[in-house]
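Colleague: I have just opened this one and I don't know my way around yet. Could you walk me through it?

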Amino acid sequence: MFRLGTSLVKSTGNLTKNELRRCLASAAQAQPKHKSPETDNAKKPPNMSFMANIFRGQVESSQVFPYPDVLNAEQKEFTNSLIDPFEKLFLEINDSVKNDELSQVEPKTLDSLWETGAFGIQVPADYGGLGLTNTQYGRLCEIIGANDLGVGITLGAHQSIGFKGILLFGTDEQKAKYLPMVSTEKVYAAFALTEPSSGSDASSIRSRAVKSADGKHFVLNGSKIWISNGGIADIFTVFAQTEQEDPKTGEKKDKVTAFIVERGFGGVTNGPAEKKMGIKCSNTTEVYFEDVKIPIENVLGGEGQGFKVAMNILNNGRFGMGATLSGTMKECIKKATDHANNRLQFGKKIKEFGAIQEKLARMSMYQYATESMAYTIAQNMDSGSVDYHLEAAISKVFGSESAWFVCDEAIQILGGMGFMKDTGLERVMRDLRIFRIFEGTNDILRLFVALTGIQYAGSHLKELQRAFKNPTANLGLIFKESSRRAARTVGLGGTDLNQFVYPELQPYAKQTAECVDLFGQTVESLLIKYGKNIVNEQFILTRLADAAIDIYASVVTQSRATRAANMNLPTAEHELMLTKAWALEASDRCRKNLAKTTSGEHLELYRKMSNIAKTVCDNGCVHTTHVVDQ
Ligand code: MYA
């Protein structure tokens, strides 16, 4: 797992050119010989991701400031025209309680969803879909999330991942053949990656496809588990190992290839619907492939490219979860607010108690941050950005944890009533639990965020090291870096976000900027200390990811509230308040998390926890003596 060590380099310490040169030289030693990402980097356009850049202590503001605004008036009008029918469908036709009880989406809901175009929201109109952008899709996802997450997964497994590969990587022929089916002909799609022995470690799948001697088809064998829509889909995006020959060396190696598989090819079967804790109405099954003959034209994205196809499908769909769950959170907040406004205890409405106010405020802050992230990412994607992987992973982690927190707090505010099925929060809580697990567990995505960011910081240092080999040709770069470090050590030249935010947000932006600087310095010191072995330091990486998440949430809320204030929106004052409160809490948490990556006390704590876990595992349970027994 996480073979990200490939391009990690040891980082630099502080300041002088000679020291910088020495550190960079040691970085070069840590760089494996078989790969040269710096050459790759030289060819690549600069990475515009805000998050990737803060790992190297730099601010690349274009994705976050000003808050993106990509929809034109016509697109906004069209989106608005869809909101009503979508809401009506969920209010008048869909019955979330019944779906949950039946463990099935009622056919009348499915029919209406097909009629409104909900199964092909992003499919271009030429192929029969609604042809919406990511931003518009997000807006509709919110409505789905507010009403029925189980239906959301039926829709999401179909289009967010099921046939997304065809949209992203399909040939013209593949698009023409499959997209009309999946958007208008009531043909369901599914994404088949996970296997019994391959969950988070996605590249370790064992399903295998063997090319025929005439090269015209593959024969696929294998089985997949927990496939959403597995029992109802007729089109699958399937990932399997295929033997690939290196054109240069002739060496043969297994590499993952993605295929579009039709149930009609024969040999595709599925197990019974799984009995689940939540999202019960969405269909989840095992899917088996036995000698399935797949025409060569159904390879998706190129032979041996399947792992990247899978990762990019997942990256591309993750922001949708944030949008969906921000709708869920709004609904939970509505229920909690209704209760707080009406419930009398100790002679007062409970909304007057500080303990309840704190909950409602924090719930609103998490909802605001989740929504702000989702639309920052969606709109960046719509503007053509390809550098959104880290942000999309962050929004998935943050959205799923925020929604869990918000729903839990809503239940707490409602007290005994919240625990009753009739209130509807109990189902939402059951439904929400899976969101922290699927589409990449939050634990894995935290590591992904931290390690991908560190890898990027490392590759930047490698670039500097190269510059030092030919200083006369790279004076500008060397001078800039040396000056930046020199200024930093005397407390100057730090990050300045004030220029981007509404004046009254500046003191808060200053705190976030300090966190950005501290973050960059921490990444560098971790690289100095651990080099490429940082990949093994999961206690630390997790906390680094948490700090990154808080910074991203702070920046997107500051940007969005600035937009609201500049536009004089009627909610601007409240949005500024949410943003300030968020920044205060988040910068405090961020500083603490960063300290926890280096402090001796915490490193000792991690060692102890690691030992405790080892003992518990060796023992098969807790390893203590019961006070009553002895
Ligand atoms: S579907 C199943 C979900 N499964 C997962 O998400 C699997 C999680 N695992 C992984 O993502 C990977 O295995 C990890 C990498 C990250 C652990 N983007 O050596 P490596 C590149 C781009 O690090 P590994 C489900 O749950 C990397 O740079 N590239 O890889 C259904 C490197 O490239 P190079 C990436 O250690 C849910 C190469 O790959 C990425 O094996 C239903 C190898 O990297 C990336 N992310 O592990 C949901 N990662 O070789 C429905 C790696 O060039 C949702 N790489 O250096 C619907 C919600 C919304 C509702 C909507 C309503 C409409």
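Modeller: Below we go from the overall make-up to a pocket, the cores and a few single residues.

Colleague: Before that, what sort of model is it?

Modeller: It is a predicted model, in which local features need pLDDT of at least 70 and side-chain atom pairs count only at pLDDT 80 or more, while totals for chains, interfaces and linings use all residues. Residues are numbered from 1 along each chain as its sequence is written, and side-chain values use heavy atoms, with hydrogens and water left out.

Colleague: How many helices and strands does the protein have?

Modeller: The protein has 21 helices and 10 strands, where helices (H or I, at least four residues) and strands (E, at least two) are DSSP runs numbered from the N terminus.

Colleague: And what share of the residues is buried?

Modeller: Of the 630 residues in the protein, 53% are buried; buried means under 20% relative accessible area, exposed means over 50%, and partly exposed lies in between, with a 1.4 Å probe and protein chains only. As for contacts (heavy atoms within 4.5 Å), among those with a separation of 6 or more, 75% are between residues 24 or more positions apart.

Colleague: Pockets next. What is the volume of the second largest pocket?

Modeller: The second largest pocket has a volume of about 730 Å³. Of the 29 residues that line it, Arg 139, Glu 371, Tyr 375, Arg 560 and Arg 563 are the closest to its centre. On a 1 Å grid over the protein atoms alone, a pocket is an open set of points where a 1.4 Å probe fits, with protein on both sides within 12 Å along at least five of seven lines, and lining residues have an atom within 4 Å of a point. Grid points are joined across faces, edges and corners, and the volume is the space filled by probe spheres set on the points.

Colleague: Which helix gives the most to that lining?

Modeller: Helix 12 does, with 7 residues. Helix 4 (73-93), helix 7 (134-147), helix 12 (354-382), helix 19 (538-566) and helix 20 (572-595) each supply at least two residues of the lining. By class, the lining has 10 nonpolar, 10 polar and 9 charged residues, with Ala, Val, Leu, Ile, Met, Phe, Trp, Tyr, Cys and Pro counted as nonpolar, Asp, Glu, Lys and Arg as charged, and the others, Gly among them, as polar.

Colleague: Which residues touch the most other members in the largest nonpolar core?

Modeller: Val 261 and Phe 519 do, in a core of 138 residues, and helix 19 gives the most to this core, with 14 residues. Apart from it lies another core, of 25 residues, including Ile 166, Ala 202, Val 256 and Ile 260. A nonpolar core here is a set of buried Ala, Val, Leu, Ile, Met, Phe, Trp, Tyr and Cys residues joined through side-chain atoms within 4.5 Å.

Colleague: Helix 19 again. Is Ser 559 buried or exposed?

Modeller: Ser 559, which lies in helix 19, is buried, with a relative accessible area of 1%. Leaving aside neighbours within four places in sequence, Ser 559 is in contact with Val 64, Phe 65, Pro 66 and Tyr 67. The peptide bond from Phe 65 to Pro 66 is cis, with omega near -15°, and Pro 66 sits in the loop between helix 3 (50-54) and helix 4.

Colleague: Any unusual phi values to look at?

Modeller: Most residues other than glycine have a negative phi, and most peptide bonds are trans. Phe 346 has a positive phi, near 50°, in the loop between strand 9 (344-345) and strand 10 (348-349), and is exposed, with a relative accessible area of 79%. Asn 568 also has a positive phi, of about 60°; its place is in the loop between helix 19 and helix 20, and Asn 568 is exposed at 68% relative accessible area.

Colleague: One last loop: where is Val 123?

Modeller: Val 123 is in the loop between helix 6 (107-116) and helix 7, and is buried, with a relative accessible area of 0%. The C-alpha atoms of Val 123 and Leu 167 are separated by 7.4 Å, although the two are 44 residues apart along the chain.
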